[in-house]
Amino acid sequence: MKKPFLLAVAAFGMLFLGACARQTADSLSPAATDDGRWRQYASVAQPASTPYRIGMSLRFGEEGNTRRVTALLWGNGNADLRLDVMAGVGALVASVADKGDAFLLYAPRDHVAYVHEGSNKPLLKIGVPVPFGLSQLSALLRGQYAQVFGTEYRNARPGPADAEGSLAYLLEGRPGGLLCLDAQGRPVRWQEKEGREHGWIMDIDYDDAALPRRLKLSHDNGKRAIVLIKDRETPAAPFSADAMRLDLPADTRILPLEKFRRIDD
């Protein structure tokens, strides 16, 4: 298996790395007693079934040793998705079709496809230790934040000094962690864990349309990733079944995802 393919899939897995809020006045700090921004955040709770195409670049690795790939993500919502990952001058290193409970990953350089069925997160099976998938990535990039971080929180507090004006909400359920919202109810930071061993931290910057423009991820194990949105398109008509299908060449080896193995150069 080629290293760019493995790194590209793992990096996108980082990313990707998934009712009213439950709360009491006693659990909130004085600076966070108004839950208006949480209601604003949670107002987009259902995925919009509109077609989209998103181009992005991704730089990832460790300090002093990073790589860059580009990717194209498209679909008609968050449940039926296609993703192509390129390295170099448009060289395709991975294609993914994700239908929620059916996952297909094709490595064209090796003529191997990996398949998985089930509701559990298939990215976990290829060694990516974060509970996110392509559907969460799609929702995040399209501003449907409650689809990623949930609609319930345990308590709130003033956000950190470097996220001035934000409120930090301790999340209930999965993925858990702390979510910092700005005055418009937009997530500006997510931290996987409280405490010194924080796991993943993701900072989010926004474009003029108030949609995520840049995702910056860091882990206390030294891993880093930056996702930059290059362009967005809204097709006039939904993608056809042919556009969403991932066809495999006749000589492709088909393996269950359990057979996936990391192979370093």
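Which residue does the side chain of Arg245 meet in a salt bridge? Hold that thought for a moment. First, a caution: this is a predicted model.

Now the answer. Arg245 pairs with Asp242, and the N to O distance is 2.5 Å. How open are these two residues? Arg245 is partly exposed, because its relative accessibility is 41%. Asp242 comes out at 52%, so Asp242 counts as exposed. The cut-off matters here, because exposed means over 50%.

Let's step back to the whole protein. There are 265 residues, and 49% of them are buried. The secondary structure comes to 5 helices and 14 strands. The accessible surface is about 13000 Å². Carbon and sulfur atoms account for 50% of that surface.

Next, some strands. Start with S1, residues 52-62, and S2, residues 65-75. They pair in the antiparallel sense, over 11 bridges. Find Phe60 on your screen. Across from Phe60, in S2, stands Arg67. What links S1 to S2? A hairpin does, with 2 residues between the strands. Look at Gly64 in that turn. The phi of Gly64 is positive, about 85°.

S2 has another partner. That is S3, residues 81-87. S2 and S3 run antiparallel too, joined by 6 bridges. Here Trp74 stands opposite Arg82 in S3. The connection is again a hairpin, this time through 5 residues. One general point while we are on strands. In a regular strand, side chains alternate between the two faces of the sheet.

Stay at the loop between S2 and S3, because Asp80 lies there. Asp80 makes a salt bridge with Lys99, at 3.0 Å from N to O. Why is this pair worth a look? Lys99 sits in the loop between S4 (91-98) and S5 (102-107), so the pair ties together parts that are 19 residues apart in sequence. Are the partners buried or partly exposed? Lys99 has a relative accessible area of 43%, so Lys99 is partly exposed. Asp80 is partly exposed as well, because its value is 30%.

More on salt bridges. How many does a search of the whole structure find? The count is 13. Take Arg39 and Asp35. Their side chains meet at 2.2 Å, N to O. Asp35 counts as buried, because its relative accessibility is 16% and buried means under 20%. There is also a network. Salt bridges link Asp162, Arg189 and Asp203 in it.

Now a helix. H3 covers residues 134-141. How many of its 8 residues are buried? The answer is 7, so by that count the helix is mostly covered. Among the buried ones are Leu134, Leu137, Leu140 and Leu141. Gln136 and Ser138 are on the buried list too. After H3 comes Gly143. Its phi is positive, near 80°.

Last stop: the surface. Which residues form a nonpolar patch there? Val115, Leu248 and Ile254 do. Together they have about 220 Å² of accessible area. Pick out Ile254. Ile254 belongs to strand S14, residues 253-256. Its relative accessibility is 48%, so Ile254 counts as partly exposed.

Let me close with three places to click. Go to Gly64, in the turn between S1 and S2. Go to Lys99 and Asp80, the salt bridge between two loops. Then go to Ile254, in the nonpolar patch. Thanks, everyone.

Technical notes: Residues numbered from 1 in each chain as written. Predicted model: local features only at pLDDT ≥ 70, side-chain atom pairs only at ≥ 80, totals over all residues. Heavy atoms only, no water. Pairing = 2+ DSSP bridges. Helix = DSSP H or I, 4+ residues; strand = E, 2+ residues; numbered from the N terminus. Buried < 20%, exposed > 50% of the residue type's maximum accessible area, 1.4 Å probe, protein only. Patch = residues over 30% accessible without salt bridge, like charges linked within 9 Å, V, L, I, M, F, W, Y side chains within 5 Å. Areas by Shrake-Rupley, 256 points an atom, 1.4 Å probe, with all protein chains shown as cover. Salt bridge = Lys/Arg side-chain N within 4 Å of Asp/Glu carboxyl O.
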